[in-house]
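Subject: Structure handover

Hello,

Please find the structure below, with its sequence. My notes on it follow.

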Amino acid sequence: MAVMFSDPFSTLFNLQQMLDASRSSSWLDAGPSGVGAYPPINVFRQGDDFVVLLELPGIKKSDLSIQVKESSIRVAGRKAVEYPEKAGLHRRERLSGEFDRALNMPVQIDADKVKAEYRNGMLALFLPRAERDKPKSIKIA
Amino acid sequence: MAKSQELSVQEKKEIASKEESTVPARYYVPYTDIYETEDGLIVVMEVPGVEKKDLKVDLEEDALKVEAQIDFKKYNGLDPLHTEYNVGHFRRSFTLGSKVDRDKITAQLDDGVLTLTLKKTKEASPRSISIS
């Protein structure tokens, strides 16, 4: 019997493959801002609800604004990259500037229960599906 | 430089490594700024999603190696529906041009941005020589 390493790396590999696969999905296609705008987003489903993850390294919490209405979410803010005055630059790869992105979810969101978390340069939005939007199972009489 | 510059998406670069690792996970290159001040080098790296405990900074001879692991356990129970970026560990190394005092390296992680401050050794810092 082959020894199966239940190592964490295979879990990561599976995640990366799953992410690649859904990269070609047409979900959210009709959004107002479309794909390719900053910041890039990943949308996950967690049970009935949705989790949106955005990579936003180096942004102050106070420079971020998030708005939710019905099924659309807007994330706007400013990313600053600063250098001391007397420094000699060797490499400059980090970008700075302003961003504003809206996305339309295909379902209604319960705006009052949306939670946002910003930790380690990742913005996580927890979007509960609106109660009225949840599918109802119908019993046959 | 205009302040109201528009941010564009920087596609993550995957590491093209000379040797392959035995595990198939992918590594990415963190976007990095490097600048030099009078007494040292400052290396600023973007490693979104990395916790402080999962960072490793190594200095061997002139090679500075940074490895940052993401904790993908957080993705348990999440089913991807729409994705625009991939997730992976970060790794990058640099060859330092000037001598660095390895005991005086400090690292700080704020909002997914790692700042390394490398102090130059005394021999490497510029000194003025007076002509007698």
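B:Asp111 counts as partly exposed, because its relative accessibility is 33%, which falls between the cut-offs of 20% for buried and 50% for exposed. This residue is found in the loop between S9 and strand S10 (113-119) of chain B. Its phi is near 50°, a positive value in a residue other than glycine. For background, most residues other than glycine have a negative phi.

Before going further, please note that this is a predicted model. The scores are ipTM 0.78 and pTM 0.79. For chain B, the average pLDDT is 84, and 87% of the residues score at least 70.

Chain A

What does chain A contain in the way of helices and strands? The count is one helix and eight strands. Along the sequence the pattern is α-β-β-β-β-β-β-β-β, with the helix written ahead of the strands. Of its 141 residues, 40% count as buried. The accessible surface of chain A is about 8500 Å², and carbon and sulfur atoms account for 51% of that area. If you take the contacts in chain A between residues at least 6 apart in sequence, 54% of them join residues at least 24 apart.

Three places in chain A are worth opening in the viewer.

A:Glu70 lies in the loop between strand S3 (64-69) and strand S4 (72-79) of chain A. Here too phi is positive in a residue other than glycine, with a value near 50°. Is A:Glu70 buried, partly exposed or exposed? With a relative accessible area of 48%, A:Glu70 is partly exposed, because exposed would require over 50%.

Next, look at S7(A) and strand S8 (residues 122-127) of chain A. These two strands pair in the antiparallel sense over five bridges. In that pairing, A:Lys115 stands opposite A:Phe126 in S8(A). S7(A) and S8(A) form a hairpin, with two residues between them. A:Asn120 is in the turn and has a positive phi of about 50°.

A:Asp110 is found in the loop between strand S6 (97-104) and strand S7 (115-119) of chain A. Which residues does A:Asp110 touch, leaving aside those up to four places away in sequence? They are A:Pro128, A:Arg129 and A:Ala130. A:Asp110 and A:Asp133 are 23 residues apart in sequence, and the distance between them in space is 9.3 Å, C-alpha to C-alpha.

Chain B

Chain B has zero helices and ten strands. From the N terminus on, its elements therefore read β-β-β-β-β-β-β-β-β-β. Buried residues make up 45% of the 132 residues in this chain. Chain B exposes about 7900 Å², with carbon and sulfur atoms supplying 47% of it. Among its contacts between residues at least 6 apart in sequence, 52% join residues at least 24 apart.

B:Asp54 has its place in strand S5 (residues 50-60) of chain B. Is B:Asp54 buried or exposed? It counts as buried, because its relative accessibility is 19% and the cut-off for buried is under 20%. The side chain of B:Asp54 makes a polar contact with the side chain of B:Lys53, at 3.4 Å. Not counting residues up to four places away in sequence, B:Asp54 touches B:Glu67, B:Ala68, B:Gln69 and B:Asp71.

A sheet with strands from both chains

An open sheet of five strands has the order S5(A)-S3(B)-S4(B)-S10(B)-S9(B), and the pairing is antiparallel. Which strands stand at the edges? They are strand S5 (88-91) of chain A and strand S9 (106-110) of chain B. Each has a single partner strand, so one side of each is left without a neighbour in the sheet. The twist averages 20° from one strand to the next. As general background, strands of a sheet pair through backbone hydrogen bonds, either parallel or antiparallel.

Inside this sheet, strand S3 (residues 32-36) of chain B is joined to strand S4 (residues 40-46) of chain B by five bridges, and the two run antiparallel. To find the pairing on screen, start from B:Thr32, which stands opposite B:Met45 in S4(B).

To return to the starting point, B:Asp111 is in the loop between S9 and S10 of chain B, and in the sheet order S10(B) and S9(B) are written next to each other.

Regards

Technical notes:
Residues are numbered from 1 along each chain as its sequence is written. Chains are lettered from A and ligands numbered from 1 in the order in which they are written. This is a predicted model: local features need pLDDT of at least 70, side-chain atom pairs count only at pLDDT 80 or more; totals for chains, interfaces and linings use all residues. Side-chain values use heavy atoms; hydrogens and water are left out. Helices (H or I, at least four residues) and strands (E, at least two) are DSSP runs, numbered from the N terminus. Buried means under 20% relative accessible area, exposed over 50%, partly exposed in between (1.4 Å probe, protein chains only). A polar contact is a pair of N or O atoms within 3.5 Å; within protein, one must be able to donate a hydrogen and the other to accept it, and residues adjacent in sequence count only if both atoms are side-chain atoms. Contact means heavy atoms within 4.5 Å. Two strands pair if DSSP finds at least two bridges between them. Axes are lines fitted to C-alpha atoms, for helices over the stretch in contact, and angles run from 0 to 180 degrees between N-to-C directions. pLDDT is the predictor's confidence in each residue, from 0 to 100. Accessible areas come from the Shrake-Rupley method with a 1.4 Å probe; for residues, only the protein chains shown count as cover.
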